Amino acid sequence: MSTDPSLIRNFSIVAHIDHGKSTLADRLIQHTGGLTNREMKEQVLDNMELERERGITIKAQTVRLSYTAKDGQTYALNLIDTPGHVDFAYEVSRSLYACEGALLVVDAAQGVEAQTLANVYAAIDVDLEIVPVLNKIDLPAAEPDRVKAQIEDVIGIDASDAIEISAKTGLGIEDVLEAVVTRLPAPKAGDPTAPLKALLVDSWYDPYLGVICLVRIIEGTLKKGMRVRLMGAEASYGVDGVGVFTPAKENRDALGPGEIGFLNASIKQVRDARVGDTITEEKRPTDSMLPGFEPAVPVVFCGLFPVDAADFEDLRDAVERLALNDASFSYEMETSAALGFGFRCGFLGLLHLEVIRERLEREYNVDLITTAPSVVYKIKMTDGSEIDMHNPADMPDPVKIDSISEPWIKATILVPDEYLGGVLKLCQDRRGIQLELTYAGSRAMLVYELPLNEVVFDFYDRLKSVSKGYASFDYQFIEHREEDLVKMSILVNEEPVDALSMIVHRSRADMRGRAMCEKLKELIPRHMFKIPIQAAIGGRVIARETLSAMRKDVTAKCYGGDATRKRKLLDKQKAGKKKMRQYGNVEIPQEAFIAALKMDDD
Ligand SMILES: Nc1nc2c(ncn2[C@@H]2O[C@H](COP(=O)(O)OP(=O)(O)OP(=O)(O)O)[C@@H](O)[C@H]2O)c(=O)[nH]1
């Protein structure tokens, strides 16, 4: 039997980073008896090691809590964990779409911050009922009244009955559960006998069961044994299992309207189970798909190569396994003159790239070289044909090119007044076009059009540093625009380093070329000989630096010292070597590749 929709509440927690979302989720699970203290890992919902370390949530997870309220009824509360970063914006919006309400958690000492706004607006956009919760009320610096006023001023929602809690001490947790039951709406009572219509909220790979799909039933009933169709993917599968997470996995026979749970159906890879897709019954399909299905497409590409060419097979294995679990990650084999065999990989954004790179290195134990991230350029050839270029190394002969266009985005940035100047300068420096500048309280809202190319390298980092972390940023792709773009090559000791070549706007080529040569001069260790470092467009050198030759023996400073120290130094050098790549007779450390691409605007 599926649960009566009036006894179901589906909700998310939205918050700025570090305001206590995970701590509150853990408390709710603990309070409703989902896990004993001992069973409870430090943070149950953020279950990937990397997520925990970086304090970000990548894959949405859900948990069903059973709560007997003061009205005597037992409710099924589905808490959906949402990822919190702009690279994963589409997944956030899909997981919010599966809810009727959200708890807006605000740190009572810090108040409303950038991500509070971005996340709460995302929730308001899909018409969720919002319950404000002031957390960390135990802190001496907590100012609940001031923060309530701020929520009303800045966000524009009523905060008079905001719940004051401490997720740390457990104070107010019961009030939160009561508010979920009494203040959030129940899901609409869809017809359990109607043709099945369910939203695919999330999917991940389980080594034993294959792909697990998290689904929200809109209408009809999902049953074990049923044959279902993924309408967007145009594929059908037999359902092997249906159930819920409490957070332990519990099998059920069926899930009805309003319920959130999982299905497994021997789906081989998450690529076949895209977030946002509509699931229906094969033999009695629903007549319309849920709106807004748009599989996330990679927008940033880069090459991944093993530091040691002998590790290529390990890398292939790791990349294949990762792709099983991440539909937004794409790859194809690539060969490079300097780097040998590797993969050209596609990502949702820079954070996604970094997360994947770290997972490959850490979980799969392969040392990697990452080439310059690049966006997708559309090239019109003089013979009328068109190509999508993912890699600057594939740039055709310029005489055969008619025009090149690059992707542009529309970015929305919220920033406190005092940092506005720095943010404006940053956007301007990145070829931004200002569309709007408005104020909400002491915050400015900026809308800019920007070339994605200028954003992929280090825009988030720069934005964070110029705004002390207070700016929030969100973007959407608008179109490809024709621009005056050229390929800039980097030559180290007269040898082109293909991994460092990039497409730049002609107006910025000199500046970028100079900056790149200066950076590389700092990043490449000295050798026994002089090394010229040059940036060039076609055959024309636009910038040049010279790395002078090393004069002293590294061990020289250990003269008279003990032999152990000397050996340690040599060992350290040897270990360092593993991370280097040989170009002609020059060694370039791996860090140089990413670091060289970070631009300093000031
Ligand atoms: N004093 C106090 N500290 C709290 C409270 N709730 C959470 N914290 C602390 O605040 C920090 C951030 O809490 P998290 O629950 O990890 O925050 P989060 O919003 O989930 O952060 P992300 O997972 O990074 O988005 C942790 O060090 C918690 O121990 C509280 O009520 N009082």
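Reader: Which residues of helix α11 are buried?

Author: In this predicted model, helix α11 spans residues 459-466, and its buried residues are Phe459, Arg462, Leu463 and Val466. A residue counts as buried if 20 or more other C-beta atoms lie within 10 Å of its own.

Reader: Where do these residues lie around the axis of α11?

Author: They lie on the same side of α11, because they cover an arc of only 100 degrees around the axis.

Reader: What do the buried residues of α11 pack against?

Author: Their partners are two helices, α9 (420-429) and α10 (452-456), together with strand β26 (472-483). Just after α11, lysine 468 adopts a positive phi of about 50 degrees.

Reader: How should one read a nonpolar core, and which residues of the largest one touch the most other members?

Author: A nonpolar core is a set of buried residues of nonpolar kinds, such as Ala, Val and Leu, joined through C-beta atoms within 7 Å. Here the largest core has 83 residues, and Ala102, Leu104 and Val215 touch the most other members. Strand β8 (residues 210-219) supplies the largest share of this core, seven residues. A second, separate core holds 74 residues, among them Val319, Ala411, Met488 and Ala509.

Reader: Which residues is alanine 102 in contact with, leaving aside its neighbours within four places in sequence?

Author: Alanine 102 contacts Phe11, Ser12, Ile13, Val14, Leu96, Ala123, Leu128 and Ile130.

Reader: How many helices and strands does the chain have?

Author: The chain has 14 helices and 33 strands. Of its 602 residues, 45% count as buried. Among contacts between residues at least 6 apart in sequence, 70% join residues at least 24 apart.

Notes. Residues numbered from 1 in each chain as written. Predicted model: local features only at pLDDT ≥ 70, side-chain atom pairs only at ≥ 80, totals over all residues. Buried ≥ 20, exposed ≤ 12 C-beta atoms within 10 Å, placed from the backbone. Helix = DSSP H or I, 4+ residues; strand = E, 2+ residues; numbered from the N terminus. Arc of directions from axis to C-beta. Contact = placed C-beta atoms within 7 Å.
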